[in-house]
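Let's take a friendly walk through a protein model together. Have a look at the picture first, and then we will start with a small puzzle.

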Amino acid sequence: MPQLARKLLATCAGLRHVATSSATSTAAAPASAPASEKLRSSRSREQPPSGQSRETLQKRVLHVRSVGRVTKGGKIRSASAIVVVGNGNGIGGYGEGRANDVGGAVAKATAVAIKNMTPIPRFQQRTVFGDIVHRFQSVTLEIKTAPPGFGIVANNNIHEICRCVGIRDMAAKVRGSTNPINVIKASFEALKLQKTPVQIAQARGRKLVDVATAYYGGNI
C-alpha cells in the first residue's frame, strides 16, 4: 500500500507540473505577438506600392554629403544622402537618410523614398498640365510644358526626377539658390501642386469634357 500511495503522489505531481508549464507558455505567447506585429508593420511600410517591386523601381542617388566632426576623442564621421525613387509611370518620391557611412545613409534614404511615393499628374502621360512657377524657401522654380519629342531641358537634379517619374517633355529653370536638396523638394512640391482638369472643372462648375476641350483640345 505505501508503494501504491507514493506512485499516485508522484503521478499527481507530474500532472501538476505539466499543467503549470502549459499555462506559463500560453500566457507568454501574447507578449511576443506585438513584437512580431511591429516587425511586420515596419516591413509593410517600406514596401513599394501594390504591383511594384524594388527591382522594377528606378533609383537615383542625387546628393551625398560626408562631414567630419572633430571632438576630444578624435574625428567622428557621418554621411547624409537624398535619393529619388520612381516607377517611370507617374509615381515617385524622395527621401533623406543619415548614417555613419555613405552606404547606410543611401539605404535609409531609399527606404524613406519608397515610403513617400505618391502619384504625379501628367498630361498625355508625358509632360506637365501647364506652366508652373513655384517658390520653395530661396529657390524659384519655373516649369513649362513642351510638345512631343522636346525632351527634358532642365537642371540635372530635375532631369533625374523627371526620368524616375515618367515625364519625357518639359523645360525648367531654377532661379535663386541652386542648393540640390531645396531644388529636389521644390520640384516635387511643384509637380504635386499642379491643377488637373478635374480640379479646374470642379472649381468652375463645368463639365470635365468642356474643360478638356477648352484647355487641352479634348486630349487628356
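How far is the sulfur of Cys162 from the closest cysteine sulfur? Keep that in mind while we get our bearings.

What you see is a predicted model. Its chain has 220 residues, and 34% of them count as buried. The chain contains 6 helices and 8 strands. Starting from the N terminus, you meet a helix, then three strands, then a helix again, and the whole order reads α-β-β-β-α-β-β-β-β-α-β-α-α-α. Among the contacts with a separation of 6 or more, 56% join residues that are 24 or more positions apart. The chain exposes about 13500 Å², with carbon and sulfur atoms supplying 55% of that area.

Now find helix H3, which spans residues 156–165 and is mostly covered, with 7 of its 10 residues buried. The buried residues include Ile158, Ile161 and Val165. At the N-terminal end, Asn155 acts as a cap: one of its side-chain oxygens lies 2.7 Å from the backbone nitrogen of Asn157. After H3 comes Gly166, with a positive phi near 105°.

Back to the puzzle. H3 also holds Cys162 and Cys164, both buried. Cys162 counts as buried because its relative accessibility is 1%, and Cys164 does so because its value is 0%. A disulfide is a covalent bond between the sulfur atoms of two cysteines. The closest cysteine sulfur to that of Cys162 belongs to Cys164, and it is 9.5 Å away, so the two are too far apart for a bond. Across the whole structure, a search finds 0 disulfides.

Technical notes:
Residues are numbered from 1 along each chain as its sequence is written. This is a predicted model: local features need pLDDT of at least 70, side-chain atom pairs count only at pLDDT 80 or more; totals for chains, interfaces and linings use all residues. Side-chain values use heavy atoms; hydrogens and water are left out. Helices (H or I, at least four residues) and strands (E, at least two) are DSSP runs, numbered from the N terminus. Buried means under 20% relative accessible area, exposed over 50%, partly exposed in between (1.4 Å probe, protein chains only). Contact means heavy atoms within 4.5 Å. Accessible areas come from the Shrake-Rupley method with a 1.4 Å probe; for residues, only the protein chains shown count as cover. A polar contact is a pair of N or O atoms within 3.5 Å; within protein, one must be able to donate a hydrogen and the other to accept it, and residues adjacent in sequence count only if both atoms are side-chain atoms. A disulfide is a pair of cysteine sulfur atoms within 2.5 Å.
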